[in-house]
Amino acid sequence: MRIALVLLFCLTISRLIAQESEKKNYRAQKINNPQFNIDGNFSETEWQNAMWENDFIQFEPYQGKSPYQKTEFALLYDEDNLYVGIKSYDLNPDSISFRMSRRDIHDGDMTGIIFDTYNDQRTGFSFIVSAAGVKADFMMTNDGENEDPTWDPIWWVKTLKTDYGWNAEIRIPLSQLRFKEGDEQLWGVQVLRYIFRKDELSSWQSMHKDKPGFVSQFGTLNGIKDIEPKNTFDVTPYMVARTERFEKEPENPFRSSGKKNSLNAGLDAKIGLTNYLTLDLTINPDFGQVEADPSEVNLTTYETFFPEKRPFFIEGKSILSYSLQFGDGDLASENLFYSRRIGRTPQYYPDVNDNEYVEAPEFTSILGAAKITGKSPDGWSVGVLESVTAEENAEINGIGEGRTQTVEPLTNYFVSRLQKDFNNGNTYIGGMVTAVNRSINDAELEFLHKSAYSGGIDLVHKWDDKNWMLDAGIYGSQVNGTPEAITRTQTSMIRNYQRPDADYVEVDSSLTTLNGLGGKLALAKVGGKFNFGTILASKTPGLELNDIGYAQQVDQNLEVIWTNYHFNEPFSIFREMHLHSNQFAVMDFGGNLNVMGGNVGGNAQFTNYWHTFVSLNFNGEELNNNELRGGPSILLPGEKNLFIGAITNGQKKLSFELEGGLTLSNEKDFKKMTRAELAINYRPLKSLSFEITPGYSKYFNNLMYVNQADYGTDKRYIMAHIDRNTVNMSIRINYNITPDMTIQYWGQPFIATGEYNDYKYITNSKAEYLDDRYQNYTAEQISYNESQERYFIDENTDGISDYSFDKPDFNFKEFLSNFVFRWEYQPGSTVYLVWSQTRNHSVNNGSFDFSGDMKDLFNEGANNIFLLKFSYRFGR
């Protein structure tokens with residue numbers, strides 16, 4: 001339900017309609033030397049004499065109808081601030097939801113105001129507050145298509161429950177907004193109110209669900225005269241005290257004491273360079289309060305995408321984005337810039353001898369980073385990021401001696417993005433450039449690129465009142481390094497130049513540079529209830545973006561045709577319903593059809609506020625270029641997938657979210673996956689919530705990659721049957737003492753097992769029949785050495801082992817937890833108290849025993865980190 005609230009209130013809308021609403025206008029009133037406090041009372045003369053506007057209209061669920069309850073707002077200003085007053089009337093004040101949450105988490109009754117200070121009909125600055133007084137601020141770009149909830153301006157708000165409902169009184173310093181100089185301002189403006197118990201959203205300026213865009217539907221604001229733009233100047237130094245406790249290892253010199261202590265300091269700053277450009281700066285940043293990534297065991301050839309969680313990198317991220325794909329599907333994360341590359345885990349781990357111990361850094365230290373973002377009055381959007389990460393060294397200590405080994409070189413990262421609006425925001429052209437430069441002074445690190453560059457240009461054009469859209473772009477990359485580094489790039493698992501059946505690429509081990517190109521083109525009708533479009537996307541084999549970007553797969557030409565239909569008004573038992581379908585095909589640059597498939601599905605909300613969703617996918621036979629890790633392409637059977645779920649009414653104290661999936665191969669008994677997840681949400685108090693989400697998946701595959709080995713002049717690609725079991729549980733507890741003081745706990749036990757059997761090797765990877773593509777090892781050919789945990793293959797049965805491989809079975813267990821006390825004791829100044837715990841245990845055994853595995857996990861010694869972080873904001 002929380003997701004639904006965010007979608008409703010933030011309005012990430014791409015809907016449409018032909019009719020236009022008459023634009024409303026509000027005229028602000030100037031006050032001199034206001035003597036009132038921000039207390040939510042409105043008893044001062046200035047508020048009594050203000051022009052209160054109350055002509056609101058319903059948007060959800062019934063567009064254009066009168067709202068369930070009356071709302072009024074007024075707007076005042078002086079030379080330094082805007083003042084917004086909102087009265088949310090309610091005939092049943094006891095039914096108002098005063099749910100407490102953390103900042104930027106939408107829950108309960110809400111109201112707020114959004115300004116388009118550029119008046120470009122594309123950019124919105126949102127100031128939202130819940131009835132409990134919790135702030136939710138975010139910046140909108142691209143006419144509401146992109147939202148940045150990490151934009152956290154400095155502003156003040158106070159809510160007050162009254163006998164007629166509740167009030168919100170807001171003060172916004174002008175230094176937090178960007179606007180043109182001039183005698184009188186003309187801005188876009190919208191005021192919203194959300195009634196939680198009715199799931200109803202109303203607005204001052206009427207909007208249309210079927211009309212594309214959001215900011216372009218705002219009303220206007222004038223009357224603000226003789227104010228000067230004010231540049232932000234905030235400097236926030238911080239100090240961090242950290243202690244780590246772990247199980248003593250007497251023989252390990254790095255862990256013999258069982259503890260580590262450190263004291264650190266750094267600085268964050270936000271400085272207005274001009275009225276339109278802001279510099280964000282961080283020196284020696286610390287992100288100890290950030291929640292860990294969830295556990296996983298990845299057996300695929302694709303790198304897992306983890307979302308960014310560090311505040312410096314997520315604030316304003318939309319302006320530094322160049323997406324390689326479209327929509328919100330599996331490939332939507334592909335981008336020229338993936339900020340998780342900065343400060344990543346070091347890419348080299350040293351080889352050590354017996355009786356040597358290694359102390360290696362978990363992450364690369366960020367020495368400093370700076371980011372310039374903004375938008376000019378004539379439509380230029382600018383984003384520039386520069387960051388330097390330290391050279392990292394691992395300490396190695398053996399008997400009587402110690403040494404160090406560089407595991408990550410000193411590296412500079414640079415990203416720049418530029419966009420220009422034309423045609424009243426209906427057309428924008430942009431470009432992006434990235435650069436990575438490494439100072440490599442160690443032979444062990446010459447597998448890394450010495451430098452990596454990428455860049456692209458893109459165009460978006462909308463016409464017919466934004467009902468149609470064209471989105472196009474072309475981009476390229478160049479990486480440079482030693483022959484070893486470039487050979488490694490050519491033979492990486494997403495590229496596989498060494499494939500013996502790939503006649504359009506070949507490994508050139510003398511190259512010191514590799515170039516690649518990519519492009520995208522989308523044409524779509526995004527207006528009206530019925531939407532449709534087509535997408536083309538292409539990435540050449542030589543494209544390499546993963547030094548600073550994220551590309552899951554290259555050597556790919558993608559074609560998609562999609563349709564959507566929206567039932568936006570309530571009917572029968574539904575409040576709304578959305579249906580979709582698509583067809584896709586993928587080819588490589590050798591002209592081979594890799595896979596074709598399609599999808600149909602939909603989601604709906606019922607009149608009892610429950611939600612449901614369903615998706616059915618069909619994939620044909622796949623010619624997979626990566627499965628054999630450099631071996632020939634292999635034909636894999638097609639499959640079908642069902643994904644279904646339901647969400648109960650989140651307005652209740654107790655609610656549930658249930659989802660499940662089933663994947664079946666088109667070839668009997670070849671592959672199957674079932675998974676289920678249940679989220680239990682309980683809120684006994686308005687300020688306290690519990691969420692427990694257990695999940696389980698079971699998977700088998702009769703042709704799972706294990707290893708490869710040389711056999712005479714041939715290569716053997718070894719496969720097996722695998723049985724996988726995965727159990728995980730996420731536990732969240734949120735306690736909001738006040739809107740600015742919160743306690744959060746997150747914990748995740750995780751168990752993943754994989755048991756391999758029925759070993760075989762590939763004989764003819766593209767044979768017509770599945771059974772002809774491999775040959776099972778006989779009992780005479782395969783043997784297992786338990787002491788070495790290794791399989792030995794005597795393929796010609798002459799009594800001499802021809803090749804061998806390690807036992808691939810695994811049983812991995814991990815527990816992650818994070819406790820955070822956060823107090824924003826004044827706007828922009830915070831105290832964090834953090835306790836993080838990690839436990840992990842693994843054995844070379846694929847058996848699954850839930851109770852035994854959990855016992856093993858919690859019998860394992862824990863790694864505990866306690867952290868106290870204090871920051872203080874100096875600024876205006």
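Two strands are said to pair when DSSP finds at least two bridges between them, and with that idea in hand the reader can follow this predicted model from one strand to the next. In the pairing of β39 with β40, for example, tyrosine 735 stands opposite isoleucine 743 of β40.

The strands that come before this pair can be followed in sequence order. Strand β37, which covers residues 671–685, runs antiparallel to strand β38, residues 688–711, and the two are joined by 11 bridges. Within this pairing, asparagine 681 stands opposite glutamate 691 in β38, and the two strands form a hairpin that has two residues between them. From β38 the path leads on to strand β39, residues 714–738, which is antiparallel to β38 and joined to it by 21 bridges. Here tyrosine 705 has methionine 719 in β39 as its bridge partner. The hairpin of β38 and β39 also has two residues between its strands, and in this hairpin glycine 712 takes a positive phi near 65 degrees.

The next step is from β39 to β40, where the two strands pair in the antiparallel sense over 17 bridges and where a hairpin joins them through two residues. Strand β40 itself spans residues 741–762, and because 16 of its 22 residues are buried, the strand is largely enclosed by the rest of the structure. To read that statement, it helps to know that a residue counts as buried when its relative accessible area is under 20%.

Strand β40 has further partners besides β39. With strand β45, residues 810–826, β40 pairs in the antiparallel sense over 14 bridges, and in this pairing the bridge partner of proline 749 is phenylalanine 815 in β45. Strand β41, residues 774–776, also runs antiparallel to β40 and is joined to it by three bridges, with isoleucine 762 having tyrosine 774 of β41 as its bridge partner.

Another part of the chain holds an open sheet of five strands, whose order is β2-β4-β5-β11-β10 and whose pairing is mixed. The strands at the edges are β2 (29–30) and β10 (156–162), and because each of them has a single partner strand, one side of each is left without a neighbour in the sheet. Inside this order, strand β4, residues 71–77, pairs with strand β5, residues 81–89, in the antiparallel sense over seven bridges, and the bridge partner of phenylalanine 73 is isoleucine 86 in β5.

Side chains at the surface deserve a look as well. Val614, Leu642, Ile644, Leu662 and Leu664 together make a nonpolar surface patch of about 340 Å², and the elements that give two or more residues to this nonpolar patch are β35 (639–647) and β36 (654–665). One of the patch residues, isoleucine 644, lies in strand β35, and it counts as partly exposed because its relative accessibility is 43%, a value that falls between the cut-offs of 20% for buried and 50% for exposed.

Methionine 207 offers a contrasting case, for it lies in the loop between β13 (200–203) and β14 (219–222) and counts as buried because its relative accessibility is 4%. This methionine 207 and glycine 182 are 25 residues apart in sequence, and from C-alpha to C-alpha they are 29 Å apart in space.

Technical notes. Residues numbered from 1 in each chain as written. Predicted model: local features only at pLDDT ≥ 70, side-chain atom pairs only at ≥ 80, totals over all residues. Heavy atoms only, no water. Patch = residues over 30% accessible without salt bridge, like charges linked within 9 Å, V, L, I, M, F, W, Y side chains within 5 Å. Areas by Shrake-Rupley, 256 points an atom, 1.4 Å probe, with all protein chains shown as cover. Salt bridge = Lys/Arg side-chain N within 4 Å of Asp/Glu carboxyl O. Helix = DSSP H or I, 4+ residues; strand = E, 2+ residues; numbered from the N terminus. Buried < 20%, exposed > 50% of the residue type's maximum accessible area, 1.4 Å probe, protein only.
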